[in-house]
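Colleague: Could you walk me through a structure that is new to me?
Modeller: Gladly, here it comes.

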Amino acid sequence: MRISAFTNNKLQCWPRKTLWSGALGGRASLEPVAGGARRLALRIDDRRSGPARLESRMLRRRKRTGLAPTGALTWSRALSLGIRSTLGSLGLERPTQVQAAAIPAALSGSHVFLTAQTGSGKTLGYILPLIELLQRDHKGQFDEKGSAAHRSQALIVVPTRELALQVVRVWEAFTAVTGLVCAQLTRCALRRSESVAAWVTPAKEASAGNGVLWNRVPGLRYLVLDEADALFSMQRHNQLAALPLKQLRGGQMWFAAATVTRSNLAEAERLTQAVSPSRRLFVARDDGLHRPPLDARVRFEQVEHPPQKVTRLLGMLRGGPDGLLRDGRSTLIFCNSIQTCRFVQYTLHEHGILGCGVPQRIVGAFMNGAADVLICSDLAARGLDWPFVRRVICFDAPLSYHHFLHRVGRLRQGGICTILLRRAKREQALAECISERLSQRTTLAPQTTGSISMARRRTSD
Ligand SMILES: Nc1ncnc2c1ncn2[C@@H]1O[C@H](COP(=O)(O)OP(=O)(O)OP(=O)(O)O)[C@@H](O)[C@H]1O
């Protein structure tokens, strides 16, 4: 196709009339030109030139599919000046793709499902609109005496205590300008080991929050399920049965997850319909969804029988080119069960490797650098933002591609992920699936929900 002329509102081309008129929405006609020849001319109906029109179509499509434009992104103007200047002082100059898609949708009153690559900033993606909306609500919520009456409150539900603490810490950066306090709800209807609620409340009521059952938050208006896919799978065991949906009626719900399946979206749709059917569920995602991080290297180590895993692990920790204890790199060792965690911890102690442990006892030591190795189950692969982690070892192969994504996602600043593989059929199939995804990771087209479920099927196969 050759473009013969390109003016403000007139694009002339030769010879594929249909294609151009379809792509640009203009009208094509044959026009006489000098020498008796005729050529195709396409008239663009509106005032915008062809490329501008195409661009606006792409923007509309991206909006429909929940993807933010990838050009220069800016923080939504709907966020208050205080919040934007705090973001500036934290060095967060512009939003990530998922934040740019989710924040305006949440502020306009939709339920939002944030789903994007690990480390893409989903936490701020729901915290920022939450702060903004709570601030707006609180402005008008005073009775005649000037005290706060029925203040709006929010509940952020996360699967682990450590993640709840992390959310509280992120929130605290904004407390000085907003006066809103996020408290970790320590005594709640659910057992701690099952799930933790971070209860968000204005400063005065923070202390009162500690004694309240999480399904009895009086001013509940916003409910966030972080790591929603993990929480949904827990729901099978009735752990989320106590969700305070009745109090939330008419309010908003947000979900955040780095991996999502169709059934997760359906579950979110069901919950939001129960809360307020008039609001729509907006799915905000980014181009990197379900892709491994670019700067993480992945290695497979084949083992013939289970005891060989221990030898390999000791080899990796002690010596070789990647001798971890020599250069003190912080390492996460993932196991599939708490029994295996304890076995690995015991074995490492037996071999004189100290400074390691399972989460309940040692997370604090790991975070402040006193311990180099943390032995953990997949729950520690959920949401924890530890930029100092340089090495992930999967002592047990991940249960699925999604589990792998969460584990490798802990390498925030890049590093090596080593997976110990047995000859079992499932583990070999998983290795193939991971290798295929890794080879595609720079060229993959944006995922659709269809391809997500395909990946899931393939992995579970
Ligand atoms: N707009 C931004 N610009 C730069 N860095 C950001 C931005 N938003 C968040 N971050 C940083 O990115 C890191 C990861 O953020 P966060 O923990 O929210 O990711 P996540 O998407 O929730 O990851 P995961 O899927 O593992 O839970 C944090 O250290 C955070 O400070």
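Below we talk about two helix pairs and the ligand.

Modeller: This is a predicted model, where local features need pLDDT of at least 70, side-chain atom pairs count only at pLDDT 80 or more, and totals for chains, interfaces and linings use all residues. Residues are numbered from 1 along each chain as its sequence is written, and side-chain values use heavy atoms, with hydrogens and water left out.

Colleague: Is H10 parallel or oblique to H12?
Modeller: The axes of H10 (residues 306-318) and H12 (residues 338-350) come within 11 Å and cross at roughly 55 degrees. Angles under 35 degrees count as roughly parallel, over 145 as roughly antiparallel, 65 to 115 as roughly perpendicular and the rest as oblique. That crossing angle therefore makes H10, relative to H12, oblique.

Colleague: How many charged residues does the contact of H10 with H12 have?
Modeller: Val310, Leu313, Leu314 and Leu317 in H10 meet Phe343, Val344, Thr347 and Leu348 in H12 (contact means heavy atoms within 4.5 Å). By class, seven are nonpolar and one is polar, and the number of charged residues is none: no charged residues.

Colleague: Which residues of H6 make the contact with H3?
Modeller: H3 (residues 81-89) and H6 (residues 161-178) pack at about 135 degrees, with axes 10 Å apart. H3 brings Gly82, Ile83, Thr86 and Leu87 to the contact, and H6 brings Ala173, Phe174 and Val177.

Colleague: Which residue has a side-chain N or O atom 2.7 Å from an oxygen atom of the ligand?
Modeller: A backbone N or O atom of Gly121 lies 3.2 Å from a ligand oxygen atom, and for the side chain of Glu227 the value is 3.2 Å. The 2.7 Å value belongs to the side chain of Thr123.

How values were computed: Axes are lines fitted to C-alpha atoms, for helices over the stretch in contact, and angles run from 0 to 180 degrees between N-to-C directions. Helices (H or I, at least four residues) and strands (E, at least two) are DSSP runs, numbered from the N terminus. Ala, Val, Leu, Ile, Met, Phe, Trp, Tyr, Cys and Pro count as nonpolar, Asp, Glu, Lys and Arg as charged, and the others, Gly among them, as polar. A polar contact is a pair of N or O atoms within 3.5 Å; within protein, one must be able to donate a hydrogen and the other to accept it, and residues adjacent in sequence count only if both atoms are side-chain atoms.
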